[in-house]
Amino acid sequence: MEWFERTKPYEADLIADLNQIVKIPSILDPNTQSDRTPFGVDMARALAKMEELAARDGFRYGRVDNMVTWIEYGPADAAETVAILTHIDIVPAGEGWLRDPFKPEILDGLYFGRGSADMKADLMSAYYAMKYLADHEITLTRKIRLIIGTDEENGWRDLPRYFEVEGEPTMGFSPDGAFPVVNGEKAFQTVQLRFANQTTGDYVLRRFIAGSRPNVVPGEARARVSVPNPAQVQNEFATYLAQYPFLSGQSEVRDQEVRLLLKGVQAHGAYPQDGENAGTYLANFLRRFAFIADAKTFLDFIGRVVHDDIGAENLGLRYHDDVMGDLTLNVGVMRFSQNGQGTILLNFRYPQGVNVQAVTTQVQRHLGDFAATVEVWPGGMEPHLVPETDELVGTLSLVYAKQTGMYMNPRTSNGGSYARLLKRGVAFGGQFPDVPVTSHQANESTPVANLTRSMAIFAESLLKLAK
């Protein structure tokens, strides 16, 4: 019997369990952080739900510092471990949803809900792959551990701590990427610009807000400006939006102050070409007016220097590596508050051959009149590459080829998965090549048929790696 035929009967139960996880808004919540809930109450609820499922299905499980839950199958005393590295945290829902992001629905064969693509569906497919092996009492030599983190979308404070306590697995994969095997991941690094916000004159930028995370292309931006002629700004804003069919927005006037809302297209910051950055477009519009001082340099930097420049050519950082591809830039967070403190977060993804010192040096060189300090955010990662000759890469590649009928060479990715934390770690699934990427976007979804399709690939892969 083909593997997909074996896993298809699990679909209804898999969806029922996935619904329980997607309904929990497991987003970093500083307001409810404590020793027992280091990333917030909802994150702890999500881990507890996975442990409830593990207890129901007879798996061994445990927790590390209330940050990571592990679920295990196979000989407890096995010398070697095959890891499945996952995360249960998600990015904020954002704007533009046509349905409640935390009330999952199936429409036209697609499963909708925040976290469905990144990465709760793939977490559940991996869990059910383990469940299949356990239900059929398959004997293994290596043990399998499903490791579930809670800080992947933020500071990666979880799995490094897990490895300190539990040790590094022998090998593993993270279903937080794409098929076929992703044996290389670019570096990712966030650079923060901090600056004062002095703004005077006839045109005053009172406030500018876009983005919530450095690894998300902002889908919405807002600004408040005081201007001599509000009607002129409104008219020019309408004309500007009409030039770009993928943008929308609105404006209103209150006591000589114009309030602007611009909507672009939110996307994953690893693939900025999939989005339309609302923040840089709004700055690009506003820079035509006679702002002065810090407001002028702020708008010029994000509205000209880094606007629509995902290759960072204007920063002197355009770079291509034949194995790992191009350097990319996402302008993830933009903040300006009159007479306050301003912030811009630039998220870079770069291949081997580039380093963080080169990135920060080039940013500093291209600030022009912008009196900003350049700081490197903690938690960045250097490029990661596992040789194609490794058993892990070869096994996963052959399983994918067998089940799909198509062999595809291993490749590298802009995304950053927990696989890079392992010396022998790769990303593998659950994004299929023929499916649009919806991670971090409004109306995030995944095809229902791919739930057990991924499960089948994971199940056979685990069997071969752990047998």
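**Close-up views of a predicted model**

**View A. Helices α6 and α7 cross in this predicted model.** Let's begin with helix α6 (residues 230-242) and helix α7 (residues 278-286), whose axes come within 11 Å and cross at roughly 130°. That angle makes α6 oblique to α7. The crossing in which α6 passes α7 is right-handed. On the α6 side, the contact is made by V233, E236, F237 and Y240, while α7 contributes Y281, L282, N284 and F285. What is the chemical character of the residues in the contact of α6 with α7? They divide into six nonpolar, one polar and one charged.

**View B. Helix α7 also packs with helix α8.** Here α7 meets helix α8 (residues 293-305) at an angle of about 120°, and their axes are 7 Å apart. This makes α7 oblique to α8. In this pair, α7 passes α8 in a left-handed crossing. Look for G279, T280, A283, N284 and L286 in α7, which meet L299, I302 and G303 in α8. The residues of this contact divide into four nonpolar, four polar and no charged. N284 of α7 is worth finding in both views: it takes part in the contact with α6 and in the one with α8.

**View C. Helices α10 and α11 pack at an angle of about 140°.** The axes of helix α10 (residues 391-404) and helix α11 (residues 449-466) are 10 Å apart. The two helices are therefore oblique to each other. As α10 passes α11, the crossing is right-handed. From α10, the residues to pick out are L392, T395, L396, V399, Y400, K402, Q403 and T404, and they meet R453, A456, I457, E460, S461, K464 and L465 in α11. By type, the contact of α10 with α11 divides into seven nonpolar, four polar and four charged.

**View D. Eight strands form an open sheet with antiparallel pairing.** Reading across the sheet, the order is β14-β15-β13-β11-β19-β20-β10-β21. Which strands stand at the edges? They are β14 (248-254) and β21 (372-376); each has a single partner strand, so one side of each is left without a neighbour in the sheet. From one strand to the next, the twist averages 20°. Seven bridges pair β14 with strand β15 (residues 257-263) in the antiparallel sense. To place yourself in that pairing, find S248, whose bridge partner in β15 is K263. Elsewhere on the sheet, helix α9 (residues 356-365) lies across β10 (187-196), β20 (341-350) and β21, and runs at about 170° to β21.

**View E. Strands β1 and β2 make a hairpin.** Strand β1 (residues 60-64) runs antiparallel to strand β2 (residues 68-73), and five bridges join them. R60 has E72 as its bridge partner in β2. Between the strands of this hairpin there are three residues, and D65 takes a positive phi near 50°.

**View F. K49 and E52 form a salt bridge.** Side chains of opposite charge can pair when their charged atoms come close. In this pair, the closest N and O atoms are 3.2 Å apart. Why are K49 and E52 separated by about one helical turn? Because they are three residues apart in helix α3 (residues 41-56). For the wider picture, a search of the whole structure finds 34 salt bridges.

Definitions and conventions
Residues numbered from 1 in each chain as written. Predicted model: local features only at pLDDT ≥ 70, side-chain atom pairs only at ≥ 80, totals over all residues. Heavy atoms only, no water. Axes fitted to C-alpha atoms, helices over the stretch in contact; angles between N-to-C directions. Helix = DSSP H or I, 4+ residues; strand = E, 2+ residues; numbered from the N terminus. Parallel < 35°, antiparallel > 145°, perpendicular 65-115°, else oblique. Left-handed = near helix turned anticlockwise from the far one by under 90°. Contact = heavy atoms within 4.5 Å. Nonpolar A, V, L, I, M, F, W, Y, C, P; charged D, E, K, R; others polar. Pairing = 2+ DSSP bridges. Salt bridge = Lys/Arg side-chain N within 4 Å of Asp/Glu carboxyl O.
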